[in-house]
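I opened this notebook to keep track of what I looked up and in what order. The entries are grouped by topic.

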2 protein chains.
Amino acid sequence: MNDLLRNLKISINESIYLKDPESSDLGKRIVEHGILLINELGFDNFTFKKLGEHIQSNESSIYRYFENKHKFLIYLTNWYWGWKEYQLAFATINIKDPKHKLNQAIEILTREVEEDQSFNHINEVALNKIVINEYSKSYLTKEVDDENKEGYFLIYKRLSNRLKEMIADVNEGYPYPSSLASTILAGSLHQHFLKDHFTSLTDCGAKTSPSQYFIHLTSNLLNS
Amino acid sequence: MNDLLRNLKISINESIYLKDPESSDLGKRIVEHGILLINELGFDNFTFKKLGEHIQSNESSIYRYFENKHKFLIYLTNWYWGWKEYQLAFATINIKDPKHKLNQAIEILTREVEEDQSFNHINEVALNKIVINEYSKSYLTKEVDDENKEGYFLIYKRLSNRLKEMIADVNEGYPYPSSLASTILAGSLHQHFLKDHFTSLTDCGAKTSPSQYFIHLTSNLLNS
DNA sequence: GCAAAATTAATAGTAATACTATCAATTTTG
DNA sequence: CAAAATTGATAGTATTACTATTAATTTTGC
């Protein structure tokens, strides 16, 4: 992202928060330090009380922004996928060739994340680690169907669908474009996790990236 | 499985439990009803207290078998993967042709689960749902590296590695056999989840199965 | 610049969770 | 049949995940 986009705001479904954290200084500190603290402790060990201590504020004040830590995770991961959606749009808009476009999309969606200067209070590297380690906990719940109806996963579904369209544009005869898109998105988070914790289960590591693996896989699948 | 295997026992790393639940009637009831209750409530809402009430036993008695519910989940998922490993071994042992063997392996590992009469106190269908919904929570923790060293994920890693070997036997030039194996294992759980909760993100459903998707994907990748 | 409104902080309190400890009752076994 | 092991019942602790109330502080609108 560049300076032209300084005023960009990732828009997030209002039912996910009680009060928009972007609307106040405290709200931004909750998000900023929440990301750092979840990354440090893991989501399971993270509490609003601990976050309150970290930002020298009060547990009860945080509860005025988010109902509970589950919703806070939903908020953060929505932000992440919204951010990815912007990156994807900008990086692929002028590409005409469908194959090139798809490869670029996969690259954006599966690569190692770097800091984005456009969003001051968000550490995208830490947030990416949270998404790798915790995203699936946001939907692997008994409430998933209700929350899906509420639109909590809309951005992610839209993103997966964009990828699916690009897959179909390369090979309209390929019978599983939706499954391939979701496999790339969820699978790349998984490969990133494996390279950090279960090296024997992946070929990704110092020499090979998840992006290479998925670009190779997709090209071979669609161009044969 | 058949009657020849009546006395089969899935062996599980001793450091996962405090007392072998297979060694007593109470232990078996903990496992049997624990599976049903986790499937019913979801792992997050499951507690040993609730399980105690269900089996008309006491919370404190359950704690003598398992340190906590996390270890209980590790136990159950280990059992599941051990069971899959047996199925895989039996179903592929006499197949000579590497392509046929690999297809058979993918079928076994990704298909819809059916009841197995060999294991009385285990409801494999419910357990499969638990694995789909909860398995990733067992390793997406801050303790994953320590627990990996303790051997908590050995069976799963061995299974993934067997699949990797079969992939390499079909095409020794394919550069990402380990990643493909882990993608098939984790990806098929994910596709099963999607078909139940996010139908727009998958092509799997009434007419198409995750098995078909992954067999098609693998064949096309390795035979081109 | 000041009063009213909104926000935040501090404190207290509740119910549930995730255990541990103790001891009694029951069952198993040698 | 006595000793050992297992199980059940009860109680207790620290933490979590909140809600409620009120006071202090900050913001705003005129």
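The entries below go from the pairing of the chains to the DNA and then to single residues.

**Entry 1: the two chains.** I noted at the outset that this is a predicted model, and I then asked how chain A is related to chain B. A turn of 180° with a shift of 0.0 Å along the axis lays chain A on chain B with an RMSD of 0.0 Å, and that is the relation of a two-fold axis. I also looked for the residue of chain A that comes closest to this axis, and found A:Leu221, whose C-alpha is 3.0 Å from it.

**Entry 2: the interface.** I looked up the contacts between the copies and found that 53 residues of chain A are in contact with 53 residues of chain B. The area buried between chain A and chain B comes to about 4,200 Å², with carbon and sulfur atoms giving 59% of it. On the side of chain A, the three residues that supply more than any other three are A:Leu140, A:Tyr176 and A:Leu201, which give 16% of the area that chain A buries against chain B. I also recorded that 100% of the interface residues of chain A are interface residues in chain B too, so the copies meet through the same surface.

**Entry 3: DNA strand D.** Which residues come closest to DNA strand D? I listed A:Glu59, A:Asn68, B:Ser57, B:Arg64 and B:Tyr65 as the closest of the 17 residues that surround the strand. By class, the surface near DNA strand D holds eight polar, six charged and three nonpolar residues. Of the strand's atoms within 4 Å of the protein, 53% belong to sugar or phosphate, while the rest belong to bases.

I then went through individual polar pairs. The side chain of B:Ser57 has an N or O atom 2.4 Å from a phosphate oxygen of DNA strand D, and for B:Lys19 the distance from such a side-chain atom to a phosphate oxygen of the strand is 3.4 Å. B:Ser60, by contrast, places a polar side-chain atom 3.3 Å from a base nitrogen of DNA strand D. The elements giving two or more residues to the surface near this strand are α3 (59–62) of chain A and α3 (59–62) of chain B.

**Entry 4: the Gln56 pair.** I looked at A:Gln56, in the loop between α2 (48–54) and α3 of chain A, and at B:Gln56, in the loop between α2 (48–54) and α3 of chain B. A:Gln56 has a positive phi of about 50° although it is not a glycine, and B:Gln56 likewise has a positive phi of about 50°. I kept in mind that most residues other than glycine have a negative phi. A:Gln56 is exposed, at 76% relative accessibility, and B:Gln56 is exposed at 75%.

**Entry 5: B:Phe153.** Is B:Phe153 buried or exposed? Its relative accessibility is 3%, so I counted B:Phe153 as buried, the limit being under 20%. B:Phe153 sits in the loop between α7 (144–149) and α8 (154–170) of chain B. Beyond its sequence neighbours within four places, its contacts include A:Phe198 from chain A as well as B:Ile74, B:Tyr135 and B:Tyr139. Its C-alpha is 7.4 Å from that of B:Asn78, a residue 75 places away in sequence.

**Entry 6: A:Ser188.** I ended with A:Ser188 in helix α9 (residues 177–197) of chain A, which is buried with a relative accessible area of 1%. A polar atom of the A:Ser188 side chain lies 3.5 Å from the backbone oxygen of A:Leu185. Leaving out residues up to four places away in sequence, A:Ser188 touches A:Leu109, A:Thr110, A:Thr183 and A:Phe214.

How values were computed:
Residues are numbered from 1 along each chain as its sequence is written. Chains are lettered from A and ligands numbered from 1 in the order in which they are written. This is a predicted model: local features need pLDDT of at least 70, side-chain atom pairs count only at pLDDT 80 or more; totals for chains, interfaces and linings use all residues. Side-chain values use heavy atoms; hydrogens and water are left out. A residue is near a molecule or strand if one of its heavy atoms lies within 4 Å of it. A polar contact is a pair of N or O atoms within 3.5 Å; within protein, one must be able to donate a hydrogen and the other to accept it, and residues adjacent in sequence count only if both atoms are side-chain atoms. Helices (H or I, at least four residues) and strands (E, at least two) are DSSP runs, numbered from the N terminus. Ala, Val, Leu, Ile, Met, Phe, Trp, Tyr, Cys and Pro count as nonpolar, Asp, Glu, Lys and Arg as charged, and the others, Gly among them, as polar. Buried means under 20% relative accessible area, exposed over 50%, partly exposed in between (1.4 Å probe, protein chains only). Contact means heavy atoms within 4.5 Å. Copies are superposed by least squares on the C-alpha atoms of residues with pLDDT of at least 70 in both. Buried area is the accessible area (1.4 Å probe) that two parts lose on being put together, summed over both.
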